[in-house]
Amino acid sequence: MEPSFLQWLADPGLSHFLILSAILFSLGIMAVLSKRNVIMVLMGVELILNSANINFIAFSRFTDLSLDGHMIGLFVIIVAAAEAAVALAIVLNAYKRFKTINLDDISMLKG
Amino acid sequence: MIEQALHSISQFYPEIVIILTLCVIIVADLIIKSDKPVTGWIMLGGLVISGITILFQAGQNGSFFYNMVVVDPFAVFFKLLLVLAGIFVVLFSLQSKELDSYYTRKGEYYMLLSGMMLGMMLMVSSTNLLMIYIAFEVTSISSYVLVGFTKKETDSAEASTKYIIYGAVSSGIMLYGISILIGFTGATDLAAINDALQNRADIPMILNISILMILVGMGFKIAVVPFHFWAPDVYEGAPITITAILAVASKTAALGLLIRFFSVSFIDSNGLTATGIWQTIEGIHWTTLLGGMAALAMIVGNLTALRQDNIKRMLAYSSIAHAGYLLMGVVILAQEGLASIMLYLFIYLFMNLGAFYVAMLFSNSIQTESIEKYKGLGFRAPLESIAMTIFLVSLTGIPPTGGFVAKLYIFSAAISGGWIWLVTIAGITTVISLFYYIRVVKNMFFYKPESNEGIIQFDLPSKTILLILLVPILLFGIYFSPILEFAKNSVQIFGM
């Protein structure tokens, strides 16, 4: 590898975190689009939310956003927890009705 | 600091009343063991009080809680609309037979409904991106549960599963967009974002992408093409009362949020021309993009509605089409466009809630949501069928109903904005929409009922509610200038 690239890796800055979060976001979107299991899709959603969180924290560390970023990060964690709780309850109920958590099989409504 | 917080509380009464209602409902649900829907009446009272406190806010203009929320004519107009929709939906819920088999959980239902009301009221009045996101999520999470409230039905279970997956993904994408927007401008307040953008010489492409991502979240809530895939399934699977609030209030709140987001964040205060707002965020051709979305929504919504048999599903596609007509006003975004959106939303509230209400009454008495089974209903329930006809005629936009005035204003605003192709599409799709609306009327009146089917009796409260919904539609077909004046005054705060 080129020495300049290694140097860039050794000195983490804003761009490193943004790239990391972009990768996480893409993985989340991929999970949502490709997985058929509801739980896997919900994990993809968590990845998306956490990638946004990394953005917030990185911006508040490296730019003049200061504490606002941390604040938003905390709120996002709370919202994500609430959403996951509701989602799991709904999925459990769907499992009771359909005996499956495969998204392709949970589709009786059509037209 | 304390003074400011105390001062802010004095401007926060409508929301506080809703929060108190929510708490009282929880406690009442625990204490009172009665067969009567006490919690529903508590919520109705709370909403009425909240509506009255909103009336006292009319004409005020200020921002509170460290610029987190504002009280301005625009927010007041939307909050009144939302509370009005909430009151109607609670009245519907009190009569719904669908919810009766879940009477032990009625408290939860009204509690979640109050939570949703709170979220929607904050959505239209917040000016901070964090607050916008939280209000958005409060609305969403309550509505996910409410869609799956009749949990023994497979339809309902499926609808809520689909809703939460679409909702969580699109709000996640919106959050990512918000994070980029905040990072680039270094501000969470909409006005501060505006300042930051004005001071920049160049607008990077990533900013446009972040706004696109935020548009995904809002488009999901408005149910506009291409983010509409959840709407038909969710509307069909949810209890009718919840379908009504999703189709009316949720859409209204999201549209209010969208308008405020675009017109406060990106307005160019220096040169206020017709395209002033869009110049601030160059890079993507925003008007064409939104115009395209509106056109697609009108085409897809109206054409797909043609071959629906379930009344809720048909109204779902019709509401997608209406989202397209409403988005046409956002494309114009000048004073005319915004005022016509607000007039449209006001009339849309009555006509759409009315259509859902009649559908609910029919579902209560003959246990069907199929339009085919509506045959002969015109003779078995004349008053309700005539009311349904008027609601559907108004949704089509035929004079002398309010729907005509609403469409007329939004079309003429689009024409004066130079959007001829968009108005052409809107006009053609309106004609198409006549087919599926009139099919319901045809089924009701052009077929004789079976000999064993007698007249259906409806009680006095349901007739009263029907009349309350019916009168404004006929009235606003002739006399609508007060609403229009109010709407025009309301959008002046954006400097238009």
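**Aromatic rings and charges in chain B**

User: What makes Lys407(B) a residue that lies over the face of Tyr325(B)?

Analyst: Lys407(B) lies 4.6 Å from the ring centre of Tyr325(B), over its face. A charge counts as over a ring if NZ of Lys or CZ of Arg is within 6 Å of the ring centre and within 35 degrees of the ring normal. Lys375(B) lies over the face of Tyr447(B), also at 4.6 Å from the ring centre. This is a predicted model, in which local features need pLDDT of at least 70 and side-chain atom pairs pLDDT 80 or more, while totals for chains, interfaces and linings use all residues. Residues are numbered from 1 along each chain as written, chains are lettered from A and ligands numbered from 1 in written order, and side-chain values use heavy atoms, without hydrogens and water.

User: How many aromatic pairs does the structure hold, and why is that of Tyr163(B) and Trp230(B) called stacked?

Analyst: There are 27 over all chains. Rings of Phe, Tyr and Trp (its six-membered ring) pair if their centres lie within 6.5 Å; planes under 30 degrees apart are stacked, over 60 edge-to-face, the rest tilted. Here the centres are 4.9 Å apart and the planes at 20°, so the pair is stacked.

User: How do you know that Tyr163(B) is buried?

Analyst: Buried means under 20% relative accessible area, exposed over 50%, partly exposed in between (1.4 Å probe, protein chains only). Tyr163(B) has 0% relative accessibility and therefore counts as buried; Trp230(B), at 3%, is buried as well.

User: Why is the pair of Tyr436(B) and Tyr437(B) called tilted?

Analyst: Their ring centres are 4.5 Å apart and their planes at 45°, so the pair is tilted. Both Tyr436(B) and Tyr437(B) are buried.
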